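Here is a short briefing for a reader who has not met this structure before. Please look over the sequence and the model, then read on.

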Amino acid sequence: MNILKLPAYYYPEQISSAHLINDVEEALVKSGHKINVIAPLPTRNVPNDLQKKYRKLKYENQKNGAITIQRFWMFRERRNPISRCIRYILCNVIQYVKGCRAKNIDLILAGSTPPIHGFFCGKVAAKLSRKSGKKVPFIYNLQDIFPDSLVNAKMIREKSIIWKIGRKIEDCTYRYADKIIVISDDFKRNIIAKGVPEGKIAVIPNWVNVDNVYPIDRDNNVLIKRFNLNPDKFYITYCGNIGLSQNMDLLISVAKELKIAFPNIYFILIGEGADKERLVNIIKQDKIDNILIFPFQPYEDIAHVFSLGDIGLVISKPGIGGSSVPSKMWSIMAAGRPVLASFDKNSALERVITKSNCGFCIDPNDVESFKNTIIDIVTDQGKLLDMGKNGRRYIEENLTKEIGTSKILGVINNA
C-alpha cells in the first residue's frame, strides 16, 4: 500500500511526538507498506549547518526506498503567531498542489497538530482523497481537538470568527475521514457530541518505547554534568512544549513562594515553545533562580531527560483536559518517576494516575494545593519510589510501542 503523509514537521526536526511518528513509520515499513511524505524543509530546532544540507535535498529515500520524502522551501518558523499562521497555511497550499501530482496513492494519513496546520491539513487530505475520481481512504489522527484547545488556552474566543471557521473545517474533516484515531475516551465523547458516528472512531492512546525511555539513576545521568547541576537538590522537571496551553504563570507563582522557605527545590524546564521567551524574561526580571530552563536534548538522551527529576511535571491551563492528553506523562512513567500533574479533574490523565497510583493530580485552579503537595512530597519522599515503579509497570502492561503500533496498523489495514 502507498501511503501519503502531509506533516508540518519532519525529521530531523525535533518535536515532542517524533517518537510516535517514527514508531508508526517503522511498523508500516515492516508490514510492507510504502510512505510518501510531502514536508517543508526542516527548520524547527535544526542547526544552521544542517538546514543548509537539506536545502540541497529536495528528494530523499529512507528505509531502502520504502519512505520517499519530497521537501519544499518554506521560510523559517518564527515566534510571532501571525507569521506562524501564514507559514502553516502556505504549507497546506503547497502540500495540496504537490499532493494532487502524487501517483498511485492508496491511503492518506493526516494529523491534527500543530493547531493551524491541523485545521487545514484535514481539509486538504479530505479534498485529495476525492481528487483522482476514485475514493482514496483518509485516516485522521486526532492528537488535539481544535479549535477547542485554542479556546481552552485562551488563544481565541468561542463564537469568534476564527472559532467558527475552525468548527466548519473540523466538521468537514470529520465528515470525510474514513476513520478517526483519537487518544482517549474523552476525545471520543467530544467528537461524538459534534455528530461523528461512533463506528468511525478508534481509541488508541499514545505510547512510549520502553526500550528508549527507562529509569536512570542520578549518579549515571549525563545531564547532571551537562547542566552543571547539584545532584543533592530536589528537582521537579518539565520536559516538552513551553507553549500557551501550559500554565507557566502558576509555576512562576509557586516557585516564587518556595524560593526562600525551600531553597533545596528547583524546577527544571527542558524544551522550546511560543511562551519560552516571555518566561525567560520574567525569570530574569524577578530573579527567580529556582527555575532553570534548558533547550531540547538529543533524542538519544531521552531516558536521561525524563529520569533527571525526582518527580515529573505535567502542567496545563484549566479546561485543557477534554481536548488534549499530554503524552509526556507516559515518558515520565516509563522513566520510573512519579507524576505531579496540575491538570483537569475527571480527565483521562487523572484516571490513569488514580488507577496506577503513580503520582498526584491537582486541579489547575488550585494554586495552594499544588504548592502544598510539593511541600508534602519534599518533606516525606518515602512514597515516590513506589509510585515511580507503579507508573513503569502500568506503561509496560498497557502503553508500549508494540501495543500502540499494532492497533494503528489494524486501523490502516482495515481502511
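With which side chain does the side chain of E60 make a polar contact at 3.3 Å? The partner is the side chain of R71. This is a predicted model. The briefing covers two open sheets, one of 8 strands and one of 6 strands, with some of their helices and two residues in detail.

**The sheet of 8 strands**

- The strands of this open sheet follow the order 3-4-2-1-5-6-7-8, and their pairing is mixed.
- Strand 3 (59-62) and strand 8 (201-203) are at the edges. Each has a single partner strand, so one side of each has no neighbour in the sheet.
- On average, neighbouring strands of this sheet are turned by 20 degrees against each other, direction ignored.
- Helix 3 (residues 81-101) packs on the sheet and touches strand 1 (2-5), strand 2 (34-40) and strand 4. The direction of helix 3 makes about 140 degrees with that of strand 2.
- Strand 3 pairs with strand 4 (residues 67-72) in the antiparallel sense, over 4 bridges.
- Opposite Y59 stands Q70 in strand 4.

**E60, a residue of strand 3**

- E60 is found in strand 3.
- Is E60 buried or exposed? The relative accessible area of E60 is 16%. The limit for buried is under 20%, so E60 counts as buried.
- The side chain of E60 also makes a polar contact with the side chain of Q62, at 3.4 Å.
- Not counting residues up to four places away in sequence, E60 touches Y54, I67, T68, I69 and R71.

**The sheet of 6 strands**

- This open sheet has the strand order 11-10-9-12-13-14, with parallel pairing.
- Strand 11 (291-294) and strand 14 (359-362) are the edge strands, and each pairs on one side only.
- The twist from one strand to the next averages 20 degrees.
- Strand 12 (residues 311-315) and strand 13 (residues 339-342) run parallel and are joined by 4 bridges.
- I315 has S342 of strand 13 as its bridge partner.

**Helices across the strands**

- Which strands does helix 10 (residues 276-286) lie across? They are strand 10 (265-270) and strand 11. Helix 10 runs at about 140 degrees to strand 11.
- Helix 14 (residues 367-379) lies across strand 9 (234-239), strand 10, strand 12, strand 13 and strand 14. To strand 14, helix 14 runs at about 165 degrees.

**Helix 9**

- Helix 9 (residues 248-261) has 14 residues.
- From first C-alpha to last, helix 9 reaches 21 Å, close to the 20 Å expected at 1.5 Å a residue.
- The buried residues in helix 9 are M248, L250, L251, I252, V254, A255 and L258.

**A153, a loop residue**

- Where is A153 found? The place is the loop between helix 5 (148-152) and helix 6 (161-176).
- A153 has a relative accessible area of 4%. Buried means under 20%, so A153 is buried.
- Leaving aside neighbours within four places in sequence, A153 is in contact with L244, S245, K317 and I320.
- A153 and P318 are 165 residues apart along the chain, and their C-alpha atoms are separated by 8.0 Å.

How values were computed. Residues are numbered from 1 along each chain as its sequence is written. This is a predicted model: local features need pLDDT of at least 70, side-chain atom pairs count only at pLDDT 80 or more; totals for chains, interfaces and linings use all residues. Side-chain values use heavy atoms; hydrogens and water are left out. Two strands pair if DSSP finds at least two bridges between them. Axes are lines fitted to C-alpha atoms, for helices over the stretch in contact, and angles run from 0 to 180 degrees between N-to-C directions. Contact means heavy atoms within 4.5 Å. The expected span of a helix is 1.5 Å times one less than its number of residues. Buried means under 20% relative accessible area, exposed over 50%, partly exposed in between (1.4 Å probe, protein chains only). A polar contact is a pair of N or O atoms within 3.5 Å; within protein, one must be able to donate a hydrogen and the other to accept it, and residues adjacent in sequence count only if both atoms are side-chain atoms.
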